[in-house]
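Reader: I should like to understand how the terms used for a structure are justified. May I put some questions while we look at one?

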Amino acid sequence: MQVNVQHKKVASDALMQNVAEQDVDIVLIQEPYVYQKSGQIPGVPNAYKQYHNGSQALAAILIKKTISHLPLADKGGNTAAGVIVDTRDKGAVVVVSLYCPRNEQAVSEEWLYTWARCKKVSKQV
C-alpha cells in the first residue's frame with residue numbers, strides 16, 4: 001500500500017486502522033504524520049516496525065515484524081526510507097519510499113550510492 005497523508009493526523013489515524021483491518025504487509029508513506037516529541041508515527045499497530053528519519057520525515061515505511069528484512073542505511077535525509085526484503089525463495093527485493101519535492105534533489109548522492117549497492121547487500125540477506 002502507498003499513500004500520502006500530507007502530515008494530517010486524521011489521515012494517519014485512518015491509514016493505521018486500514019492497515020490493521022486489511023493486514024497489509026508493507027506500507028509506503030509520503031508526508032507521514034509524526035509526533036514532534038517522540039519522532040514516531042502514532043498509532044502504528046504493534047505488529048509493524050516503522051522506518052523514517054524522525055519528526056521531519058517526508059517518507060516512511062511500515063513493515064510487518066514477521067517479514068525478514070534489513071533497513072537500508074539512513075542516508076536519504078528526510079526524503080527517503082528503504083528496506084531490503086528477503087523473499088526466501090526468490091531472493092531479495094529493495095523497497096523504497098521516496099518523497100520528491102518540486103525543484104529539489106530528492107535524495108543525497110550518498111544515499112543513491114548506497115541504494116545502488118543494494119544488490120550486493122541483498123545477497124547476504
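Author: The model shown is predicted, and the questions below concern its salt bridges, two backbone angles and one histidine.

Reader: What makes the pair lysine 9 and aspartate 13 a salt bridge?

Author: The closest N and O atoms of lysine 9 and aspartate 13 are 2.9 Å apart. A salt bridge requires a side-chain nitrogen of Lys or Arg within 4 Å of a carboxyl oxygen of Asp or Glu, so the pair qualifies. Both residues belong to helix 1 (residues 9-22) and are 4 residues apart, about one turn of the helix.

Reader: Are lysine 9 and aspartate 13 buried, partly exposed or exposed?

Author: Lysine 9 has a relative accessible area of 38%, and aspartate 13 has a relative accessibility of 34%. Buried means under 20% and exposed means over 50%. Both values lie in between, so lysine 9 and aspartate 13 are called partly exposed.

Reader: How many salt bridges does the rule give?

Author: The count is 3 salt bridges. Another of them joins the side chains of lysine 64 and aspartate 23, with 2.7 Å from N to O. This pair links distant parts of the chain: lysine 64 is in strand 4 (residues 59-64), aspartate 23 is in the loop between helix 1 and strand 2 (26-30), and the two are 41 residues apart.

Reader: Why is lysine 64 called buried?

Author: Its relative accessibility is 12%. The limit for buried is under 20%, so the word applies to lysine 64. Aspartate 23, at 49%, is partly exposed, because exposed would require over 50%.

Reader: How do you know that aspartate 25 and lysine 64 form a salt bridge?

Author: Their side chains meet at 3.3 Å, N to O, and this is within 4 Å, so the rule is met. Aspartate 25 lies in the loop between helix 1 and strand 2 and lysine 64 in strand 4, so the pair ties together parts 39 residues apart in sequence. Through shared partners, salt bridges join Asp23, Asp25 and Lys64 into one network. Aspartate 25 has a relative accessible area of 41% and is therefore partly exposed.

Reader: What is noted about the phi of glutamate 31 and of arginine 88?

Author: Most residues other than glycine have a negative phi. Glutamate 31 is not a glycine, yet its phi is positive, about 50°. Arginine 88 is likewise not a glycine and has a positive phi of about 65°.

Reader: Where are glutamate 31 and arginine 88 found, and are they buried or exposed?

Author: Glutamate 31 is in the loop between strand 2 and strand 3 (48-51). Its relative accessibility of 16% is under 20%, so glutamate 31 counts as buried. Arginine 88 is in the loop between strand 6 (80-86) and strand 7 (92-98). Its relative accessibility of 64% is over 50%, so arginine 88 counts as exposed.

Reader: Why is histidine 52 called buried, and what does histidine 52 touch?

Author: Histidine 52, in the loop between strand 3 and strand 4, has 17% relative accessibility; this is under 20%, so the residue counts as buried. Leaving aside residues up to four places away in sequence, histidine 52 touches residues including Val34, Ile41 and Ala81.

Reader: What makes the link between histidine 52 and glutamine 50 a polar contact?

Author: The side chains of histidine 52 and glutamine 50 are joined at 2.7 Å. A polar contact needs N or O atoms within 3.5 Å, so this distance satisfies the limit. In addition, a polar atom of the histidine 52 side chain lies 3.0 Å from the backbone nitrogen of glycine 54.

Technical notes
Residues are numbered from 1 along each chain as its sequence is written. This is a predicted model: local features need pLDDT of at least 70, side-chain atom pairs count only at pLDDT 80 or more; totals for chains, interfaces and linings use all residues. Side-chain values use heavy atoms; hydrogens and water are left out. Buried means under 20% relative accessible area, exposed over 50%, partly exposed in between (1.4 Å probe, protein chains only). A polar contact is a pair of N or O atoms within 3.5 Å; within protein, one must be able to donate a hydrogen and the other to accept it, and residues adjacent in sequence count only if both atoms are side-chain atoms. Contact means heavy atoms within 4.5 Å.
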